[in-house]
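Q: Please take a close look at the place where the two chains meet, and explain in connected prose how that contact is built.

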2 protein chains.
Amino acid sequence: MPVAVLEAFTAPVHIALRQQDIPLTSAPVVPLRVLCSSCHLRELCVPCGVSSSDIQRLDDMKFGRRRVKMGQILYREGDRFQFIYAVRSGTFRSNLMLADGREQVNGFYMAGEVMGLDGVANGVHASSATALEDAEVCVIPYAHLTDMAMGNSGLQQVVGRLMSREILREHSLMMLLGSMNAEERLAAFLLNLSQRLKARGYSASEFHLRMSRAEIGSYLGMTLETVSRTFSAFQQLRLLEVDKRHIRLIDLEGLRRAFEVRLH
Amino acid sequence: MPVAVLEAFTAPVHIALRQQDIPLTSAPVVPLRVLCSSCHLRELCVPCGVSSSDIQRLDDMKFGRRRVKMGQILYREGDRFQFIYAVRSGTFRSNLMLADGREQVNGFYMAGEVMGLDGVANGVHASSATALEDAEVCVIPYAHLTDMAMGNSGLQQVVGRLMSREILREHSLMMLLGSMNAEERLAAFLLNLSQRLKARGYSASEFHLRMSRAEIGSYLGMTLETVSRTFSAFQQLRLLEVDKRHIRLIDLEGLRRAFEVRLH
DNA sequence: CGAATTGTTGATTCCCCTCAAACTGGGTGG
DNA sequence: CCACCCAGTTTGAGGGGAATCAACAATTCG
């Protein structure tokens, strides 16, 4: 595992002025194009499991690239659905609103993960996506992708798998919200994060959280205070060390057992 | 609205021998075939929003039909993914299991709704589906459907929309589990049920629940006792009348306000 | 009829929310 | 440069909502 990358990732983030809620109305379209075939994320991202001839087709689409600064909103709930977005770097938060104005975080996306698929049903985005740090995404025109997939079973499967993966992701969050207590939720969250970071070549045991306690709490269906308390409890149990957003998992096995606290 | 149908639906169910957990290993394949074009559910189901020429294509597939008795399992978590299923009649419960054995209901499906799409991602069903009453489904070979969709944008969109709709369904359940109290959850559940029944030509205000208190509780992330108590509380508030599984919604507006109890 | 299943209701416990105060590090402006 | 502010975090005290444990009624089935 590349140590330099690890350190770049786990080094403290010096958070500059947080540019909250800056919509990207005048899209800074970056003319640079990206090729899937030469992307270091190809094993995780859209081209995962696709034959090399089909990757060629993806290359032909020449996805646009877009930089998104911390705090900027990539797309908003209610925006017309046109693109899906593959994260190239950085982390995003996805959230949606209840009719009465309550808001909830319903996902965090990192490199290689695809956002925006909930817009297919009604042609309108059902959630908003905000960058939690300076980030970059591939902009994939959905209609273009499905056109491309026409008459090509490989690409067609890609789209299906992406959506189905999103369904599975939500399944596990539902299980979490429906049948776990605070400790189990946080443990599940951390283990999931750890595993995703590991798949991306980062340390599975030491990392920096890109999201606040409030965002974690919203995602896990608990208050920010309970998140903080649970972190402290885990530290006391020597399961991990926590300093603000810097996390070091000490006892992964112990964290996994935290799932089974309730199960006697 | 056809009264006879309504009464058939809202009449007390005399629950016969509940055949729990009977897998359909030897599938009783019904040779009868179904045509989408002449199906009374075509506005709700797969053919929704599809041009008549594309419906012709669906007809050509001649979906198989399968009867499922109450308590029988249509497919199990872990089964190889081959088919998706459109409910023709009856109600299904979908549930999945945590690694430690805890189980959770994650959906109820009624006529015109499509089950099984969570199997696309890994080629394996991620949840199980059980009939809550004698039921009938259309058996749709997924590979055949996507083959058919090849080179046909209308059918291709069908599959995308079905999956995206499933994502939206889970979104709303997550919001519910993440940020609502017991009263809001049950109110949301009842209003959702009411609206779906109305769309199917049944009464929006009077119906029979096909699921137990325990199943509702599992779905809504609360215990069966709390479900029962909340029903009683709603009755005391004259929002509805409840007698076991028979429900009569008196004050739909009041139930909607139950969402806003928390929001002052 | 007794056994089993489902639903209702009561008493008690406890987990987590709410409210509140204090601390931290960084950025800013005098 | 230092005082101040601010957002984010930690920690404490107290209360409430839902889980847990338990008893009982109603219905169905063997």
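A: **The contact between the chains**

Between chain A and chain B there are 2 salt bridges, a salt bridge being a side-chain nitrogen of Lys or Arg within 4 Å of a carboxyl oxygen of Asp or Glu. This is a predicted model, in which local features need pLDDT of at least 70, side-chain atom pairs count only at pLDDT 80 or more, and totals for chains, interfaces and linings use all residues. Residues are numbered from 1 along each chain as its sequence is written, chains are lettered from A and ligands numbered from 1 in the order in which they are written, and side-chain values use heavy atoms, with hydrogens and water left out.

In one salt bridge, B:R102 pairs with A:E184, and the closest N and O atoms are 3.3 Å apart. The two chains also share 15 residue pairs in polar contact, both residues at pLDDT 80 or more. A polar contact is a pair of N or O atoms within 3.5 Å; within protein, one must be able to donate a hydrogen and the other to accept it, and residues adjacent in sequence count only if both atoms are side-chain atoms.

On the side of chain A that touches chain B, at least two residues each come from β6 (92-97), β7 (103-109), α3 (142-149) and α4 (153-179). Of the elements of chain A, α4(A) gives the most to this side, with 18 residues. Helices (H or I, at least four residues) and strands (E, at least two) are DSSP runs, numbered from the N terminus.

Chain A brings 44 residues to the contact and chain B brings 44 residues, where contact means heavy atoms within 4.5 Å. Together the chains bury about 3,900 Å², with 68% of it on carbon and sulfur atoms; buried area is the accessible area (1.4 Å probe) that two parts lose on being put together, summed over both. In chain A, the residues that lose the most area to chain B are A:R102, A:M174 and A:M175, together 18% of what that side buries.

The arrangement of the copies completes the picture. A turn of 180° and a shift of 0.0 Å along the axis lay chain A on chain B with an RMSD of 0.0 Å, the copies being superposed by least squares on the C-alpha atoms of residues with pLDDT of at least 70 in both. That is the relation of a two-fold axis. In chain A, A:G151 has the C-alpha nearest the axis, 2.4 Å from it. Because 98% of the interface residues of chain A are also interface residues in chain B, the copies meet through the same surface.
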